[in-house]
Amino acid sequence: MQHNQHIAELGILLESRGIRHAIIAPGSRNAPLIQLFTGNKAFISHSIVDERSAGYVALGMARELKEPVVLVTTSGTAVLNLSPAVAEAFHQHIPLVVLTADRPLEKISRFNNQVINQTAPYFNHSRGFLELPFEFRTESELKQAFLSVGQLLDEALVPETGPVHVNIPLLEPLYEPLPSALKQVSVSVNPGTQNVEFPVFDKGLATKKIMLLAGMGNYGKEIEPLLRDLSSRYELLVVAENIANLASGQFVVNPELVLAGSGEAERDQLAPDVLISFGGQVVSKRLRLFLESLQELEHIEIKENIRESLKRMFASGDEGDRIIQNHLQETWKRIESREAQRAVSYIQGAPFSNLSVIHKVLSLVPAHSTVHLGNSSVIRYSQLFPGRDDLSYYSNRGTSGIDGSLSTAVGAAMVSDELHLLLLGDLSFVYDSNALWNKNFPPNLKIVVINDGGGGIFRLLEGPERMEFFEEFSVTHHPVSLELLSQSFGREFRRAVSMDEVTRDAMALFHPDSSLSILEVDTTKSENSRTFKEFFNQNQ
């Protein structure tokens, strides 16, 4: 077989799965893979230098496109740098195809460069792993290996999607033209139809109070009519935070406000008998603790094919066109409306702070934009305001790390024509600032950095401030000038220190013809933690 024949075949196999985009981190050992993607017009190649950032760019791109994206690195620590993004993709069920170049096994621990053991480094956070031989002697061997590769790729595409990893040992020479593909070798293996076990409807549910909890996800508009129909025929409440992207006047979108503002007598009326959940993470800590406190609560989790699961689950309990009075929904919605009015009233008179700034920015972002919410305090603040049904909301809540918020937003905006807003804190911005190192940085991505002088989230929690290590090891103040950092990457920057300036600069940021990329809002002199705690105290 010709040298690197298997690399040529790999391109045909990936193309057959509808894969179009490849995120490539530079290197030498992965040179044959770089040649494969950059030399084939079927693929759009993107160069991202920082591997940790590259992983999250691929994640954001795959999430936006709703299709798998290839991620290519060289050997050694480059492979390990992808781990956070692979873990996030695993928990969000986002299809990534990770291709890592490697040195042949016998080279390990023999005084060679960039050598680690690359066998299944993402073992607990991928849908599967496969290592190719470093050479093939016959066409039959090649075909058999690519049957396995095809089956692995299909694992990324089944209903419960996720990342897969192919490790590819490569022999020198690395910089020779690839041979032509033997197309008959590249066997196409289509994903089989999985047998889904649908939950069975218990007719007793018709007489019980049901909470349907939608976690993080983007379920499409087609599921909303079904949820509204179920809430009209059963005593069923739909709870869907902004990152669930299920906007309806019948659904509760601010469970944190409801539970923070409800009295003890009201709390008893809020309790469901049955919890049906689907999707990813839920942000509200009060909601999680509330549900955990209900010892008799029956929990049914739907892991895939949500629409069909719900239809089948409730079909046998269908009693025609019966309309019931949904006391559970009425109670939650009454309290939510009351507490939302209190929240808006407070924010209108609140001092310049993280709370009022985030509310203002989210109210100004144009309709039909995509909003990326940084982890820590930003996403928690966003849960305190009424959601907008003309926006899409995303956040890396699979693992809830701060390390890839900026890179993920960059990847999503790179393959979108819509405006994308990233709202994040200063530590998240600095930590992931290499995401700005991109020759094709998307002009439709607008970034608002809330600079409160370190890890402001810890000032919102009960307990950390009492610790002696708090200021140095929790808040972690930094000396970084966000303006100089942004300008070093060629990004146009502004800084706001008052609400008037936030309003003015945000409008400029969102203007269709604006070249402004980054707006820093400096709230370091504001009493952010006092405002946040006062906000909740006035609601009790």
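**A buried helix, its sheet and two cavities**

In helix α15 of this predicted model, the buried residues are S405, L406, S407, T408, A409, V410, G411, A412, A413 and M414. A residue is called buried here when its relative accessible area is under 20%. Ten of the ten residues of α15 meet that condition, so the helix is largely enclosed by the rest of the structure. It helps to look at what does the enclosing. The buried residues of α15 pack against two helices, α3 (51-65) and α16 (426-431), and against the strands β2 (44-47), β11, β13 and β14.

Three of those strands lead to the sheet. Strands of a sheet pair through backbone hydrogen bonds, either parallel or antiparallel. In this model, six strands line up in the order β12-β11-β13-β14-β16-β15, forming an open sheet with parallel pairing. The edges are taken by β12 (392-394) and β15 (492-496); each has a single partner strand, so one side of each is left without a neighbour in the sheet. From one strand to the next, the twist averages 20 degrees.

A closer look at one pair shows how neighbours are joined. Strand β13 (residues 420-425) and strand β14 (residues 445-451) run parallel and are connected by six bridges. For example, L421 has K446 of β14 as its bridge partner. Helix α15 (residues 405-414) packs on this sheet, where β11 (370-373), β13 and β14 are the strands touched. The direction of α15 makes about 180 degrees with that of β13.

Helix α15 also appears in the walls of an internal space. The structure holds two cavities of 30 Å³ or more, and the largest encloses about 50 Å³. Around this largest cavity stand R63, H372, L373, Y394, S395, N396, S405, T408 and A409. Both β11 and α15 supply at least two residues of this lining, and α15 gives the largest share, with three residues. Sorted by class, the lining of the largest cavity consists of five polar, three nonpolar and one charged residues.

The second largest cavity has a volume of about 30 Å³. Its lining is made up of F90, H93, R127, E160, T161, G162 and P163. Here the classes divide into three polar, two nonpolar and two charged residues.

Taken together, α15 can serve as a handy guide to this part of the model: the helix packs on the sheet, is largely enclosed and contributes three residues to the lining of the largest cavity.

How values were computed:
Residues numbered from 1 in each chain as written. Predicted model: local features only at pLDDT ≥ 70, side-chain atom pairs only at ≥ 80, totals over all residues. Heavy atoms only, no water. Pairing = 2+ DSSP bridges. Helix = DSSP H or I, 4+ residues; strand = E, 2+ residues; numbered from the N terminus. Axes fitted to C-alpha atoms, helices over the stretch in contact; angles between N-to-C directions. Contact = heavy atoms within 4.5 Å. Buried < 20%, exposed > 50% of the residue type's maximum accessible area, 1.4 Å probe, protein only. 1 Å grid on protein atoms, 1.4 Å probe; cavity = no way out; pocket = protein on both sides within 12 Å on 5 of 7 lines; lining within 4 Å. Points joined across faces, edges and corners; volume = space filled by probe spheres on them. Nonpolar A, V, L, I, M, F, W, Y, C, P; charged D, E, K, R; others polar.
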